[in-house]
Structures are given as C-alpha cells and as structure tokens.
Amino acid sequence: MVFPESRGGLWTRAVVTAVLYLAALFWLALSLPFVGEEIGPTSDPDDVFGANFILLFSAFFLLGAAVVSRRWKAAWVVSLTFLVVLVIVWTQVPSLIEHWDHEGPRRF
C-alpha cells in the first residue's frame with residue numbers, strides 16, 4: 001500500500017491530491033490561449049501539437065489525482081467536473097488528427 005491510512009497517511013494523500021489537481025489546473029490554463037484558434041496558411045502546426053500535448057499532460061495529472069483520492073467521494077466530484085471542463089476545452093482546440101498525414105504534420 002502506497003499511502004497507509006494511519007500516521008499521517010490521509011494528510012499525505014490529501015497533499016498529493018491537491019498538488020496533482022493544481023498541476024492539472026496549471027496545464028489546463030496553459031492551453032487556454034489556443035481555444036478557438038483558427039488554422040490558416042500562416043499557422044504553425046507545432047502550436048496545434050503543443051496545445052494537444054498540454055491538454056494530455058493535464059489529463060495525466062487529473063488521472064493521478066483521481067487514483068490517489070480514489071476513496072473520497074468529494075474528490076471524485078471534483079475530478080468529474082474537471083474532466084468535463086477538460087473535454088470542453090479540448091474540443092475547442094484545433095485537432096491534431098485533422099492536420100496530420102503520413103509524413104507528419106502538414107505545413108499549411
């Protein structure tokens with residue numbers, strides 16, 4: 001067992017969970033400038049990749065927070081709410097798949 005329930009184990013889990021939620025929120029905030037960005041001839045495909053990569057990091061930190069706080073119902077509510085926000089933001093960021101071919105990202 002990684003986090004024992006006695007001798008400060010609950011406090012340790014709470015602190016680790018809070019840090020993971022803050023890291024997920026930080027990565028999500030970094031992706032906000034890419035929301036609603038239009039892809040055009042002067043767009044950099046690295047921006048599209050970067051936005052999707054940032055959101056993937058946010059999802060990993062959210063998953064870590066959900067695993068660490070698996071027994072707390074309030075934390076699951078926070079995780080599900082954060083997941084809904086993450087999905088909404090991810091749908092507003094330009095898609096990496098739409099701008100990919102067999103040679104890698106297309107230069108517009």
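I began with a yardstick: the expected span of a helix is 1.5 Å times one less than its number of residues. Helices here are DSSP runs of H or I with at least four residues, strands are runs of E with at least two, and both are numbered from the N terminus. I then tried the yardstick on helix α1, residues 9-31: its 23 residues should span 33 Å, and its end C-alpha atoms are 33 Å apart, which agrees.

**Entry: ground rules.** I noted that this is a predicted model, that local features need pLDDT of at least 70 and side-chain atom pairs pLDDT 80 or more, while totals for chains, interfaces and linings use all residues. I also noted that residues are numbered from 1 along each chain as its sequence is written, and that side-chain values use heavy atoms, with hydrogens and water left out.

**Entry: the whole chain.** I found three helices and two strands in the protein chain, in the order α-α-α-β-β along the sequence. I looked up burial next: buried means under 20% relative accessible area, exposed means over 50%, and partly exposed is in between (1.4 Å probe, protein chains only). Of the 108 residues, 31% are buried. For contacts (heavy atoms within 4.5 Å), I took the ones with a separation of 6 or more, and 77% of them join residues 24 or more positions apart. The accessible surface, from the Shrake-Rupley method with a 1.4 Å probe, comes to about 7200 Å², and 72% of it belongs to carbon and sulfur atoms.

**Entry: helix α1.** Which residues of α1 are buried? I listed Gly9, Arg13, Thr17, Leu20, Tyr21, Ala23, Ala24, Leu28 and Ser31. Their cover includes α2 and α3 (73-92).

I picked threonine 17 from helix α1 for a closer look. Threonine 17 has a relative accessible area of 4%, so I count this residue as buried. Not counting residues up to four places away in sequence, threonine 17 touches Ala65, Val68, Ser69 and Trp72. I also checked phenylalanine 61, which is 44 residues from threonine 17 along the chain, and the two C-alpha atoms are separated by 9.5 Å.

**Entry: helix α2.** Is serine 58 buried or exposed? Serine 58, in helix α2, is buried, with a relative accessible area of 0%. Beyond its neighbours within four places in sequence, serine 58 is in contact with Ala24, Trp27, Leu28, Phe82 and Leu86.

Leucine 56 is also placed in helix α2 (residues 45-68), but its relative accessibility is 35%, so I wrote it down as partly exposed.

**Entry: aromatic rings.** My reminder: a pair of aromatic rings is described by the distance of the centres and the angle of the planes. Rings of Phe, Tyr and Trp (its six-membered ring) pair if their centres lie within 6.5 Å; planes under 30 degrees apart are stacked, over 60 edge-to-face, and the rest tilted. How many aromatic pairs does a search of the whole structure find? I got four. One of them joins tryptophan 27 and phenylalanine 57, tilted, at 4.8 Å centre to centre and 45° between the planes. This pair links distant parts of the chain, with tryptophan 27 in helix α1 and phenylalanine 57 in helix α2, 30 residues apart. Tryptophan 27 is partly exposed at 21%, and phenylalanine 57 is partly exposed at 29%.

The rings of phenylalanine 53 and phenylalanine 57 have centres 4.9 Å apart and planes at 55°, so this pair is tilted. My last note is that ring pairs link Phe26, Trp27, Phe53, Phe57 and Phe61 into a cluster.
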